[in-house]
Amino acid sequence: MEAPTSERPNSMSTTHDAFISYNHKADFEMARVLERGLQRLARPWNRVRAMSVFRDESDLSLSPHMWPSIQEHLDESRFLIILACPESAASVWVNREITHFCETKGSESVILVLTGGELEWDESDKGFTALSTAAPPALNGRLTDQPLWLDMRWARGADELSLRMSQFRSAVAHLAAPIRHMTPEDLESEDVRQHRRALRLARLAVATVVVLAIVASIAAVVAIGNAHRADRRAREATGGQLGLDALDIPTSDMARALLLSVAASQLAPQSDKATFRASRVLIGRYSKLTALLDAGASQELSVQAVALTNDGSSVVGLAAREGTRELLRWDLKARGQPTALTLPTGTTPRLTPIGNADAVLVGEAGGTMTLAAGGRLTALDGKVVALDAADDRAVTVGTNGRQALIEVLSGKAVSEIGDGLTDLVPGWVAVATDSSVRLLDSTTGALVATSATLAPVVSFTAVEVAADGRVVVAVTSTGQVLKWNRSGSELIAGSAIEAPPEVGSVRDLVGSADGQRALLVGSIGSAVVDLDSGAAVGLGPGETGVVEADQAARYAAVGGKQLVVWDLRSGDRVFAVPETANALAWNGPCD
């Protein structure tokens with residue numbers, strides 16, 4: 001039952017008829033279509049929805065304090081709908097929501113929807129049997145009678161679920177019936193009646209709009225001709241005056257002059273050859289352009305990437321032309337035609353200037369890369385697993401499966417690294433094996449510090465070294481986060497902490513510049529954790545994808561179904577583009 005207003009922890013403008021509790025990984029699509037079905041079944045024509053249904057993905061705003069927000073919505077809900085399956089039974093969040101709802105409202109308003117696994121009631125014990133794999137532990141001891149549940153296991157994997165399907169429509173009606181105090185048959189009849197009424201109103205509205213449009217069109221045609229002629233003359237006069245005003249603006253306010261000249265061109269007649277006269281005069285007066293780079297192409301080409309070499313002597317572009325990719329290089333002193341080199345098929349269109357030289361790397365770290373220098377292309381030996389372009393260093397895996405630290409420009413091997421998970425930052429290389437963690441000087445390849453032998457042997461999924469080389473952080477395959485502090489030639493291990501369950505299996509991490517916090521990115525979510533206390537400073541359930549940090553290690557971006565930027569110092573989100581706001585998948589490099 002709904003709590004009295006005086007007992008609500010926080011006054012809200014609306015209450016919810018139902019709160020859907022579910023496991024995101026297992027029943028995200030099921031929760032979405034059930035929410036839509038409950039809101040649309042038997043919806044009166046003059047209302048936005050038939051009932052108010054809360055679902056976190058569509059109703060919960062981005063907030064670092066998520067559980068208090070969920071508590072407020074649970075307190076404002078009359079019924080709790082649980083999508084029961086083995087995954088939700090094991091979910092910390094689902095059981096937490098059930099516990100809070102039952103403790104504040106009792107178990108009489110709990111409805112179970114079986115989406116996977118088994119539910120079996122034992123009347124003698126007044127509880128679910130041991131074979132009930134979908135029964136949430138939080139319901140144990142809270143039920144005095146067999147609860148109502150709806151078997152919708154058939155709906156998993158269905159191509160499309162909507163109220164147009166009779167089986168799904170009947171299931172939604174049975175689910176909505178106790179909430180709306182109606183029988184399923186009455187609900188379906190009411191839905192048909194409302195649908196027919198909406199069609200009649202729609203036809204009447206269309207007919208009315210058509211009649212009004214015809215009348216308005218006849219009245220407007222006469223006025224439009226005169227208005228267009230008067231407007232055109234006014235626009236031309238205004239455009240001419242703006243162009244003259246732009247030419248009179250002093251050099252100190254060039255930006256305003258150019259903006260006025262562009263505005264003047266928009267007001268001038270589009271067929272007038274002098275449309276951009278004021279803009280051309282200003283560009284000629286103020287432009288500092290010294291040269292245009294000629295591609296020398298007889299066919300159209302598409303430039304997909306461009307870079308200025310670190311020594312400032314050349315501009316390099318990656319262009320696609322007639323099914324091939326070419327690397328074009330312009331000498332900024334000669335200012336002539338570019339030299340062109342044909343790139344291998346499948347080359348990733350990304351350019352990275354390397355060292356303090358007239359050279360670039362083509363491709364991305366994590367795959368094969370090609371060095372363009374001295375007028376020729378040289379494929380780096382093996383796969384590049386880590387790159388420090390500023391210091392001309394890379395870690396590669398050769399055909400023998402062994403890792404090596406190399407000078408990219410010369411191709412010279414600095415040192416053998418061997419097996420292990422590697423992280424490379426300016427000045428430092430961290431290598432985590434199943435028995436130890438090592439820190440190397442990336443300039444010389446010399447061993448700087450090493451940890452004690454790890455016992456028992458562990459397997460790592462991610463490793464990170466701080467920019468100053470004083471802290472190394474690694475994550476084990478069991479979800480433990482380990483931190484070492486450098487002291488002389490030793491890496492001193494701190495206490496191990498556990499990754500939050502909302503993250504899942506950790507596959508990547510980014511540490512802060514001071515080594516105090518780290519962003520963990522896992523299979524089901526992300527979290528910023530304090531590496532000393534193990535506390536989760538910020539949680540992002542569902543935020544998982546590629547991750548990249550800025551050069552100062554202050555901010556880190558996570559891209560996937562949504563793009564989120566974390567402040568590693570405070571643990572707060574500073575920027576977020578939710579999935580509902582765009583149709584992009586942020587799975588490329590998070591530049």
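# Talking through a predicted model

Biologist: I'm starting at Leu41, which sits in the loop between H1 and S2. Why does Leu41 count as buried?

Modeller: One thing to say up front: this is a predicted model. Now, Leu41 has a relative accessibility of 1%. Buried means under 20%, so Leu41 gets that label. There is also a C-alpha pairing here: Leu41 and Leu163 are 122 residues apart along the chain, yet their C-alpha atoms are separated by 7.6 Å.

Biologist: What makes the largest nonpolar core a core, and which residues have the most contacts inside it?

Modeller: The members have to be buried residues of certain kinds, Leu, Ile, Met and Phe among them, joined through side-chain atoms within 4.5 Å. The largest set of that sort has 31 residues, and those with the most contacts inside it are Leu34, Leu38, Ile81, Leu83, Met152, Phe168 and Leu175. Two or more residues each come from strand S1 (16–21), helix H1 (24–40), strand S3 (77–84), strand S4 (110–114) and helix H6 (166–180). H6 gives the most, with eight residues. As a rule, nonpolar side chains in soluble globular proteins tend to be buried together.

Biologist: How do you know that Glu35 forms a salt bridge with Arg55?

Modeller: Check the distance. The closest N and O atoms of the two are 2.7 Å apart, and a salt bridge needs the side-chain nitrogen within 4 Å of the carboxyl oxygen, so the pair passes. Glu35 is in helix H1, while Arg55 is in the loop between strand S2 (53–54) and helix H2 (56–59), so to speak 20 residues along, and the pair links distant parts of the chain. Both Glu35 and Arg55 are buried.

Biologist: How many salt bridges does a search of the whole structure find?

Modeller: It turns up 18 of them. Another one joins Lys126 to Glu123, with closest N and O atoms 2.3 Å apart.

Biologist: Why are Lys126 and Glu123 called partly exposed?

Modeller: The label covers values between under 20%, which is buried, and over 50%, which is exposed. Lys126 has 34% and Glu123 has 42%, so each one lands in between.

Biologist: And what makes the phi of Lys126 worth a mention?

Modeller: Most residues other than glycine have a negative phi. Lys126 is not a glycine, but its phi is positive, about 55°. Lys126 lies in the loop between strand S5 (121–122) and strand S6 (127–128). Asp392 joins the list, with a positive phi near 60° in a residue other than glycine. You'll find Asp392 in the loop between strand S16 (383–388) and strand S17 (393–397).

Biologist: Is Asp392 buried or exposed, and how do you know?

Modeller: Its relative accessible area is 12%. That is under 20%, so Asp392 is buried.

Biologist: What makes Arg164 exposed?

Modeller: Arg164 has a relative accessibility of 71%. The cut-off for exposed is over 50%, so the name fits. The side chain of Arg164 also meets that of Glu160 in a salt bridge, 3.2 Å from N to O. Elsewhere, salt bridges that share partners join Asp27, Glu87 and Arg156 into one network.

Biologist: Which residues form the positive surface patch?

Modeller: Arg196, Arg197, Arg200 and Arg203. Arg196 is in helix H7 (residues 184–248).

Biologist: How do you know that Arg196 is exposed?

Modeller: Arg196 has a relative accessible area of 55%, and exposed starts over 50%, so it qualifies.

Biologist: Which residues make the nonpolar surface patch?

Modeller: That patch, about 380 Å², is made by Val206, Val210, Ile214 and Ile218. Val210 belongs to helix H7. Patch residues need over 30% relative accessible area; Val210 has 43%, so it clears that bar, and it counts as partly exposed.

Biologist: What is the peptide bond from Ala455 to Pro456 called, and why?

Modeller: It is cis, with omega near 0°. Most peptide bonds are trans. Pro456 lies in the loop between strand S23 (447–451) and strand S24 (460–465).

Definitions and conventions. Residues are numbered from 1 along each chain as its sequence is written. This is a predicted model: local features need pLDDT of at least 70, side-chain atom pairs count only at pLDDT 80 or more; totals for chains, interfaces and linings use all residues. Side-chain values use heavy atoms; hydrogens and water are left out. Patches are made of residues with over 30% relative accessible area and no salt bridge: like charges are joined within 9 Å, nonpolar side chains (Val, Leu, Ile, Met, Phe, Trp, Tyr) within 5 Å. Accessible areas come from the Shrake-Rupley method with a 1.4 Å probe; for residues, only the protein chains shown count as cover. Lys and Arg count as positive and Asp and Glu as negative; His and the chain ends are not counted. The place of a charge is taken as NZ of Lys, CZ of Arg, CG of Asp or CD of Glu. Helices (H or I, at least four residues) and strands (E, at least two) are DSSP runs, numbered from the N terminus. Buried means under 20% relative accessible area, exposed over 50%, partly exposed in between (1.4 Å probe, protein chains only).
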